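Here is a small set of exercises to work through with the model open in your viewer. Try each task yourself before you read the solution.

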Amino acid sequence: MKTLILSNLVPDKNGTFEKLITGLAAEYRKHGDELVLGLAGEPIPTLAAGWRAAGAAWRVLHGWTDARGHEHPWRFVGPAVRLVHEQKPDLVVLNFGDEFPALAAGVITNLCCHPRPRWVWQQHQQMRDPIGAARYISRIRLLGSVINYFMTQYEGGKQSLIKRGISPDKISVILNGVPEPVRTREPGWLRRELTIPDGALIAVTVGSLIPRKRMAFQFQALAGVLREYKAQGRECNGRETSDSGFGVQGSGLPVLIVVGDGPGRPGLERRADELGVAE
């Protein structure tokens, strides 16, 4: 069996998706199958070497994403159709969120490619439940005329697809997996290290500081929460603050801890300052 995964990612790090591809390629090779990727850009050298060693092959769909990282979804259609025609895969997996270009590619491919591949849509982003006419007329419903199967990463995504007219028999929920955590420190060590009061709510987010992780959205959410706390008089004044540089010690206000780094860090720091949440 040959599987073609079309993804709008430019693999510039060895993250979850990239590790998934490495493991998947190794499993495919073990069973005599093939895995081919259609990507928006070249993988970084260390990642490319690992993918080759695992047995993955790839092609870059030029024009899908420009040098500034801006995506041009409709420029995906022609290169994608040519790649499907060239590779003749049994299965095509779509790993991006632009329904109309995907629909166009699927329709054209099904008209010109024989035998036709089967199509899988991976809904990896959150979906709101449809309102009103969207239950009967939506991009996802149109996409269902081409897509043979749908995948979501959470149960709510499956229910939203069903409400848009996709049969539950065509949907699987595959949760993101994480290894069993191994505790190496006593509970409470992070609060002590950062001198955060016991009563303060802590939120932790883990990820690369790149645009598609939408870290700035979490900063906006935090700013809204802080406004609510202060409006309700829940800021615990009168406590001593630490001079360790962590600005909310002793305040009892919620704290967002960001674990990660990346090229977007300077811009995110500026955005945090603008929103008043940098401390």
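**Exercise 1. Find which residues the ring pairs link into a cluster, then describe the pair formed by Trp-64 and Phe-76.**

Solution. Please keep in mind that this is a predicted model.

Step 1: Search the whole structure for aromatic pairs; five turn up.

Step 2: Follow the ring pairs from residue to residue, and you link Trp-64, Phe-76, Phe-96 and Trp-121 into a cluster.

Step 3: Take the pair of Trp-64 and Phe-76, with ring centres 4.8 Å apart and 40° between the planes. Stacked pairs have planes under 30 degrees apart and edge-to-face pairs over 60, with the rest called tilted, so this pair is tilted.

Step 4: Place both residues along the chain. Trp-64 and Phe-76 both lie in the loop between strand S3 (57-60) and helix H3 (77-87), so their pair ties together parts that are 12 residues apart in sequence.

Step 5: Check the accessibility, and you will find both Trp-64 and Phe-76 buried.

**Exercise 2. Place His-70 and list its contacts beyond its neighbours within four places in sequence.**

Solution. Step 1: Locate His-70 in the loop between S3 and H3.

Step 2: Its relative accessibility is 42%, so His-70 counts as partly exposed.

Step 3: Set aside the neighbours within four places in sequence; His-70 is then in contact with Trp-64 and Thr-65. Trp-64 is a member of the cluster from the exercise above.

Step 4: For a distance check, compare His-70 with Gln-122: the two are 52 residues apart in sequence, and 21 Å separates their C-alpha atoms.

**Exercise 3. Work out how helices H1 and H2 pack, and which kinds of residue make up their contact.**

Solution. Step 1: Pick out H1 (residues 16-30) and H2 (residues 45-54); their axes are 8 Å apart and make an angle of about 20°.

Step 2: Angles under 35 degrees count as roughly parallel, so H1 is roughly parallel to H2.

Step 3: Collect the residues that meet. H1 brings Glu-18, Ile-21, Thr-22, Ala-25, Ala-26 and Arg-29, while H2 brings Leu-47, Gly-50, Trp-51, Ala-53 and Ala-54.

Step 4: Sort the residues of this contact by type, and you get seven nonpolar, two polar and two charged.

**Exercise 4. Which residues have a positive phi without being glycine, and where is the cis peptide bond?**

Solution. Step 1: Lys-88, a residue other than glycine, has a positive phi near 50°. Lys-88 lies in the loop between H3 and strand S4 (91-95), and with 53% relative accessibility it counts as exposed.

Step 2: Arg-214 is not a glycine either, yet its phi is positive at about 55°. Arg-214 is in the loop between strand S8 (202-206) and helix H8 (215-231), and it is exposed, with a relative accessible area of 55%.

Step 3: Turn to omega. A value near -5° marks the peptide bond from His-114 to Pro-115 as cis. Pro-115 sits in the loop between helix H4 (99-112) and strand S5 (118-123).

**Exercise 5. Is Phe-219 buried or exposed, and what is it in contact with?**

Solution. Step 1: Find Phe-219 in helix H8.

Step 2: Read off its relative accessibility of 9%; buried means under 20%, so Phe-219 counts as buried.

Step 3: Leave aside the neighbours within four places in sequence. Phe-219 is then in contact with Leu-256, Val-258, Leu-268, Ala-272, Leu-275 and Val-277.

Step 4: Take one of these partners, Leu-256, and compare it with Glu-86: the two are 170 residues apart along the chain, and their C-alpha atoms are separated by 48 Å. Glu-86 belongs to helix H3 and is partly exposed, with a relative accessible area of 46%.

**Exercise 6. Describe the protein chain as a whole.**

Solution. Step 1: Count the secondary structure elements: nine helices and nine strands.

Step 2: Along the principal axes, the C-alpha atoms fill a box of roughly 75 × 50 × 35 Å.

Step 3: Of the 279 residues, 38% count as buried.

Step 4: Consider contacts between residues at least 6 apart in sequence; 67% of them join residues at least 24 apart.

How values were computed
Residues numbered from 1 in each chain as written. Predicted model: local features only at pLDDT ≥ 70, side-chain atom pairs only at ≥ 80, totals over all residues. Heavy atoms only, no water. Axes fitted to C-alpha atoms, helices over the stretch in contact; angles between N-to-C directions. Helix = DSSP H or I, 4+ residues; strand = E, 2+ residues; numbered from the N terminus. Parallel < 35°, antiparallel > 145°, perpendicular 65-115°, else oblique. Contact = heavy atoms within 4.5 Å. Nonpolar A, V, L, I, M, F, W, Y, C, P; charged D, E, K, R; others polar. Phe/Tyr/Trp six-rings, centres within 6.5 Å; stacked < 30°, edge-to-face > 60°. Buried < 20%, exposed > 50% of the residue type's maximum accessible area, 1.4 Å probe, protein only.
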